[in-house]
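Colleague: I'd like to go through this model with you. Could you tell me what stands behind each label as we go?

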Amino acid sequence: MANSLQSPSPSNFLKTLPASLPEPYYYLSAAQKRICAKSPQLAPYAQHLPGWVPHRLVADAWGHNHTGIEAALRKLGGQPYVWCTEFENVHTHWKCREPSII
């Protein structure tokens, strides 16, 4: 249940994915709240997690350009995609537990 003192979620924040996406989106679990709260770009979303935020916004928060996002969109013929912290090959920014493969 939402806290009555909670501010409205940003207009581009999604709790669930719609049938059609306007742009690539990135899933942030509730485990990422504290990390997101420290980022000026992601802080407005932190109290509303878990949910989906624009992937470009996540890239901006970590100082990355949009080259990879734009390349993925070209490869997909412009079709937006979804991504998440668990799919990242480097987890230095996120709270993520790596599963054991042994």
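Modeller: Sure, burial goes first: buried means under 20% relative accessible area, exposed over 50% and partly exposed in between, with a 1.4 Å probe and protein chains only. This is a predicted model, where local features need pLDDT of at least 70, side-chain atom pairs count only at pLDDT 80 or more, and totals for chains, interfaces and linings use all residues. Residues are numbered from 1 along each chain as its sequence is written, and side-chain values use heavy atoms, with hydrogens and water left out.

Colleague: What makes Phe13 buried or exposed?

Modeller: Its relative accessible area is 9%, and the cut-off is under 20%, so Phe13 is buried.

Colleague: And why is the pair of Phe13 and Tyr45 called tilted?

Modeller: Rings of Phe, Tyr and Trp (its six-membered ring) pair if their centres lie within 6.5 Å; planes under 30 degrees apart are stacked, over 60 edge-to-face, the rest tilted. Here the centres are 6.1 Å apart and the planes at 50 degrees, so this pair is tilted. Phe13 lies in the segment before β1 and Tyr45 in helix α2 (residues 43-46), 32 residues apart. Helices (H or I, at least four residues) and strands (E, at least two) are DSSP runs, numbered from the N terminus.

Colleague: How do you know that β1 and β2 pair?

Modeller: Two strands pair if DSSP finds at least two bridges between them. Strands β1 (residues 25-28) and β2 (residues 51-54) have four, in the antiparallel sense. Tyr25 has Pro54 as its bridge partner in β2, and it stands opposite Val82 in β3.
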